[in-house]
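Colleague: Could you take me through this one slowly? I'd like to hear how each label is earned.

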Amino acid sequence: MSILMMKFGGTSVGTPAAMAQAGEIVSREAKNWDHVVVVVSALSGVTDMLIAGARSAETGNKERYQEIADTIRTRHREMAAKLITDPAEREALERTIDSYLSEFSRLCESVYVLRELTPRVLDGIVSFGERLSARLLAAFLREQGLRSEAVDATELIVTDGTFQNAVPLVDPTRARVADRLGPSLKKGVVPVVTGFIGATEDGIPTTLGRGGSDYTAAILGEMLDSDAVWIFTDVDGVMTADPRIVPDAHVIPDISYAEVGELAYFGAKVLHPRAIRPVIDRGIPVWVKNTFNPDAPGTRIVRSPQNTDGTVKAVTMIDDLTMINVRGRGMIGVPGIAGRTFSAVARANANVLMISQASSEQSICFAVPTESAPAVVASLEEELAHELARRDIDSIWAQNDLVIITAVGAGVRDTPGVDGRIFSALGKARINVLAIAQGSSECSVSLVVEATDGIAAVRQIHKEVINNGK
Ligand code: ADP
Ligand code: ASP
Ligand code: MG
């Protein structure tokens, strides 16, 4: 029995033409596989609009969220009018669209009254994007003659209560997926599952982090023991660099889980950073394909691709970073400073993206998103107040406006000469490297440069190291 898991991103369903194209791809694959399960994102831009609506309510701007509700309603209604011809189907869909948007407005109304937007309420509010798109796509698939139904992942993906960035709980999720999707699949139904969202054990909606629909697809792919996960997006596959930064970036035909994990972690938006983990154990192949060019081969992501020769396959950038330096002569030999430093960082809820090779034993240096830097510094000052007072630590300082550039490829760390080529590429362009990072795996090297050098650094590494100067 063969099962294909397919995920369509926001742009892949963002216009009537795109959604029609996605629907055709599903119809075609439904003939090639015993079972097909679809995961869908909100129409492009809708999640951002829902968030903007909620935030405007919080700041007391009633007109803005009402306008947003109208825009989203009109956009979905127009899609329904273009794609769904059956009058009963269309009417039912319109009723659903209207009722979801009334619910959105009501939630915003309560945020407006309280002037408070909690992460929990925000997750409830953003869940409407995927709930709407899944209804539209399922209706369109029925229109194409398939048996299809929309399924809210709040019924499938059980998570902890970390709103905005929830962690799925494996056992209850597996049980729900089997109970809820098993019978549908047996009946030959194509489920269209909402990406990005889940719910706590008590049924409170949560989200898996921005871009989380890829993660939903990987989780369901693993739970259903699917034969493959196909991620449909708006580019031909995973590329050697962000094509918006490097116009001659090209598609990587084959890449390993480890490499793509590094790429996603260090900023390549094409896949959610957590989307690979669920498929690794079973070795389920993941393909990244283009909805608008479905016959192109795309990128195949597997455990051990052929070409693992230590060449740099891709280069990525994460921006808006701050380096925090904890420095002082008295730190030498004082046990536990590093541990206390990172505990303090963790208490500030900051994500440490990299820890740099310290230039001496007298400093600890790491990068965090700039938005969390003030909280990190405050937390460190509190934790290390005693050492600061005694001058064991001279300073805790933050350097803003930095980016991390990461070169990814199996074995780059151990292959002699790769670092040298990266540095000489940057040297040629007179780009100053502020720190070198210890990445989390063997297949990447990260550098910190000033934000103003970021794009040039990516282009330079792409040209000189990936394209060998061509
Ligand atoms: P979706 O809505 O389908 O999930 P995303 O916008 O999240 O799509 O991700 C796809 C986008 O990721 C591409 O349009 C591209 O601009 C960007 N991107 C950044 N880095 C890469 C890369 N290395 N390879 C491919 N795409 C990349
Ligand atoms: N719609 C969500 C977002 O914009 C999830 C996704 O697109 O994967 O972040
Ligand atoms: Mg995405």
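Modeller: Of the 18 residues around ligand 1, the ones that come nearest are T233, D234, M239, R244 and K269.

Colleague: What makes a residue count as near a molecule?

Modeller: One of its heavy atoms has to lie within 4 Å of the molecule. Before we go on: this is a predicted model, where local features need pLDDT of at least 70 and side-chain atom pairs count only at pLDDT 80 or more, while totals for chains, interfaces and linings use all residues. Residues are numbered from 1 along each chain as its sequence is written, chains are lettered from A and ligands numbered from 1 in the order in which they are written, and side-chain values use heavy atoms, with hydrogens and water left out.

Colleague: How do you know that K7 has a polar contact with ligand 1?

Modeller: A polar contact is a pair of N or O atoms within 3.5 Å. In K7, a polar side-chain atom lies 3.1 Å from a ligand 1 oxygen, so the pair fits that limit. R244 offers a side-chain N or O atom 3.0 Å from an oxygen of ligand 1, and for K269 the distance from a polar side-chain atom to a ligand oxygen is 3.0 Å. Ligand 1 taken alone exposes 570 Å², of which the protein buries 89% (areas by the Shrake-Rupley method with a 1.4 Å probe).

Colleague: Which classes of residue make up the shell around ligand 1?

Modeller: There are nine nonpolar, four polar and five charged residues. Ala, Val, Leu, Ile, Met, Phe, Trp, Tyr, Cys and Pro count as nonpolar, Asp, Glu, Lys and Arg as charged, and the others, Gly among them, as polar.

Colleague: And which residues surround ligand 2?

Modeller: S41, T47, E130, F196, R210, G211, G212 and S213 do. By class, that shell has one nonpolar, five polar and two charged residues.

Colleague: What makes E130 a polar contact of ligand 2?

Modeller: An N or O atom in its side chain is 2.6 Å from a ligand 2 nitrogen, so the pair meets the contact limit. With G211 the partner is a backbone N or O atom, 2.8 Å from a ligand 2 oxygen. A polar side-chain atom of S41 sits 3.4 Å from an oxygen of ligand 2. On its own ligand 2 exposes 260 Å², and the protein buries 85% of that.

Colleague: Why are helices α1 and α3 called oblique?

Modeller: The axes of α1 (residues 16-32) and α3 (residues 62-83) come within 10 Å and cross at roughly 55 degrees. Under 35 degrees is roughly parallel, over 145 roughly antiparallel, 65 to 115 roughly perpendicular and the rest oblique, so α1 and α3 are oblique to each other.

Colleague: At what angle do α10 and α11 pack?

Modeller: Helix α10 (residues 337-347) packs against α11 (residues 373-383) at about 135 degrees, their axes 8 Å apart. That makes this pair oblique too.

Conventions
A polar contact is a pair of N or O atoms within 3.5 Å; within protein, one must be able to donate a hydrogen and the other to accept it, and residues adjacent in sequence count only if both atoms are side-chain atoms. Axes are lines fitted to C-alpha atoms, for helices over the stretch in contact, and angles run from 0 to 180 degrees between N-to-C directions. Helices (H or I, at least four residues) and strands (E, at least two) are DSSP runs, numbered from the N terminus.
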